[in-house]
Amino acid sequence: MNHMTVRIPFVDLALQHQPIQTQLQQAIQAVMERGDFVLGQALKEFEVAFAAASGVEYGVGVASGTDAIALGLQACHIAPGDEVILPANTFVATLIGVIRAGAKPIFVDCDPQTALIDLEAAARAVTPQTKAIIPVHLYGQMVSPRQLLDFADTFKVLIFEDAAQAHLAEREGYRAGSVGSAAAFSFYPSKNLGAFGDGGMLLTRDPNVAQKMLSLRNYGAAQKYIHVETGTNSRLDTIQAAVLHQKLPYLPQWNRDRFNAAQHYDVELAPLASSGLIPIQNHSGEGHVYHLYVIRVDDSCTIQRQQLQEELTEAGIQTGVHYPIPCHLQPAFTHLGYQVGDFPNAEMLAKQILSLPMYPGLNHRQVQEVVAAIGDSAPTVPSAPTAALPQPYAERRCWSAATA
Ligand SMILES: *Cc1c(COP(=O)(O)O)cnc(C)c1O
């Protein structure tokens with residue numbers, strides 16, 4: 001392929017950092033001068049600040065979002081023999097976390113319109129061994145807290161949120177990370193709140209879970225040199241925490257920027273629905289923080305996903321696919337015994353989804369440019385049938401009504 005000039009990148013981190021460069025440098029400088037690089041002052045300050053911003057009592061910084069899931073599940077006393085329900089369409093780290101905690105992953109399908117876990121399917125997957133459900137607040141949209149709490153109450157399982165894509169997302173009066181027993185966040189650079197490297201955090205309002213997490217991230221030492229469990233070495237670097245703490249006050253505005261860009265996409269893309277280009281739906285209103293803006297290239301479309309992606313690349317527009325292979329079909333996990341056809345919605349999405357450029361500062365004109373390029377590649381065919389949409393999740397009976 002020719003070398004293409006990127007006109008609109010998928011994300012633009014420089015745009016985010018440039019205006020606050022001086023304060024970021026000063027925060028890093030301060031850590032350097034104090035020399036408290038591991039478990040330092042700026043880490044404790046950021047843990048308190050991020051937990052408070054999310055409406056939760058305790059935050060424990062770790063080395064990555066993956067560690068926040070793996071160690072967080074252990075801190076919630078998930079152990080070998082336990083079953084944990086999770087959606088098949090998530091980033092593989094959710095699955096890795098469950099496996100590292102020693103539990104048995106039980107996949108369920110998703111709602112085809114929102115791409116979020118289908119709680120009716122989850123209800124059918126519950127067994128006496130089920131200890132937890134992991135709702136993944138995918139693309140920045142929370143799974144309904146009301147339905148989750150109802151689910152947890154009915155089946156006596158704990159909720160462990162994967163909020164790696166949903167910093168400060170809201171729904172039904174809840175913030176991401178404040179619904180369940182605990183929640184995992186990632187500060188991978190391109191996440192809504194990103195470090196200058198890897199990082200993660202567990203949020204919880206349970207002091208015992210927080211206490212155990214402090215031990216697990218620090219060689220299982222509840223006190224220095226007294227090792228009460230195996231644990232590991234997984235801390236959020238003080239320098240990363242200092243950077244994240246400087247960025248945190250800007251996060252609400254950055255999330256609003258993403259939401260506004262998403263609204264522009266919704267409006268500009270509406271005429272293309274008849275061509276089979278259908279955005280993943282927002283069922284949570286303004287609390288969606290749009291880590292990603294994702295469309296489906298439906299079977300009725302004149303172009304396939306891969307070809308559309310290639311044509312956009314040639315037009316200088318970067319896109320992504322999150323994710324091309326659902327977890328249950330990943331080569332490393334064939335031993336779990338799942339097959340093609342087990343989760344039709346997740347498999348359909350993996351084939352059809354395309355993530356469009358999305359970052360704070362992406363403006364209306366750029367959104368129009370992206371959509372114009374999509375329209376050029378996938379022209380409306382007047383006779384094309386309207387894409388057959390599955391029945392909306394919200395209009396179906398809620399799982400509790402179905403199982404009560
Ligand atoms: C990014 C991400 C993770 C893992 O976070 P890392 O910091 O990359 O380890 C877990 N789950 C989801 C849904 C993610 O998007």
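These are my notebook entries on the ligand site, the aromatic pairs and two backbone details of this structure.

**Entry 1: the model.** I am working from a predicted model. I number residues from 1 along each chain.

**Entry 2: what surrounds the ligand.** I looked up the residues around the ligand and found 16 of them. The closest are Gly65, Thr66, Asp162, Ser186 and Lys191. I then sorted the shell by residue class: six are nonpolar, eight polar and two charged.

**Entry 3: contacts to ligand oxygen.** I checked three residues for N or O atoms close enough to an oxygen atom of the ligand to count as a polar contact, for which the cut-off is 3.5 Å. Thr66 has a polar side-chain atom 2.5 Å from a ligand oxygen. Gly65 makes its approach through the backbone, with an N or O atom at 2.8 Å from an oxygen atom of the ligand. For Lys191, a side-chain N or O atom is 3.0 Å from a ligand oxygen. I also noted the cover: on its own the ligand has 380 Å² of accessible area, and the protein covers 92% of that.

**Entry 4: where the ligand sits.** I looked for the ligand among the pockets, and it sits in the largest pocket. Two elements give two or more residues to the shell around it, α4 (65–75) and α5 (92–100). Of the elements, α4 gives the most, with three residues.

**Entry 5: aromatic pairs.** I counted ring pairs with centres within 6.5 Å, and the count comes to 13. I wrote down one of them, Phe91 with Tyr323: the centres are 5.3 Å apart and the planes are at 35 degrees, which makes the pair tilted. Phe91 is in the loop between β2 (83–87) and α5, while Tyr323 is in the loop between α11 (305–314) and α12 (344–352), so this pair ties together parts 232 residues apart in sequence.

**Entry 6: two backbone details.** I kept the general pattern in mind here: most peptide bonds are trans, and most residues other than glycine have a negative phi. What is the peptide bond from His322 to Tyr323, cis or trans? I found it cis, with omega near 15 degrees. Tyr323 had already come up in the aromatic pair with Phe91. I also looked at Tyr219, where phi is positive, near 60 degrees, although the residue is not glycine. Tyr219 lies in the loop between α8 (207–216) and β10 (221–223).

How values were computed. Predicted model: local features only at pLDDT ≥ 70, side-chain atom pairs only at ≥ 80, totals over all residues. Heavy atoms only, no water. Near = heavy atom within 4 Å. Polar contact = N/O pair within 3.5 Å; in protein donor to acceptor, adjacent residues only side chain to side chain. Areas by Shrake-Rupley, 256 points an atom, 1.4 Å probe, with all protein chains shown as cover. 1 Å grid on protein atoms, 1.4 Å probe; cavity = no way out; pocket = protein on both sides within 12 Å on 5 of 7 lines; lining within 4 Å. Sits in = over half its atoms within 2 Å of the grid points. Helix = DSSP H or I, 4+ residues; strand = E, 2+ residues; numbered from the N terminus. Nonpolar A, V, L, I, M, F, W, Y, C, P; charged D, E, K, R; others polar. Phe/Tyr/Trp six-rings, centres within 6.5 Å; stacked < 30°, edge-to-face > 60°.
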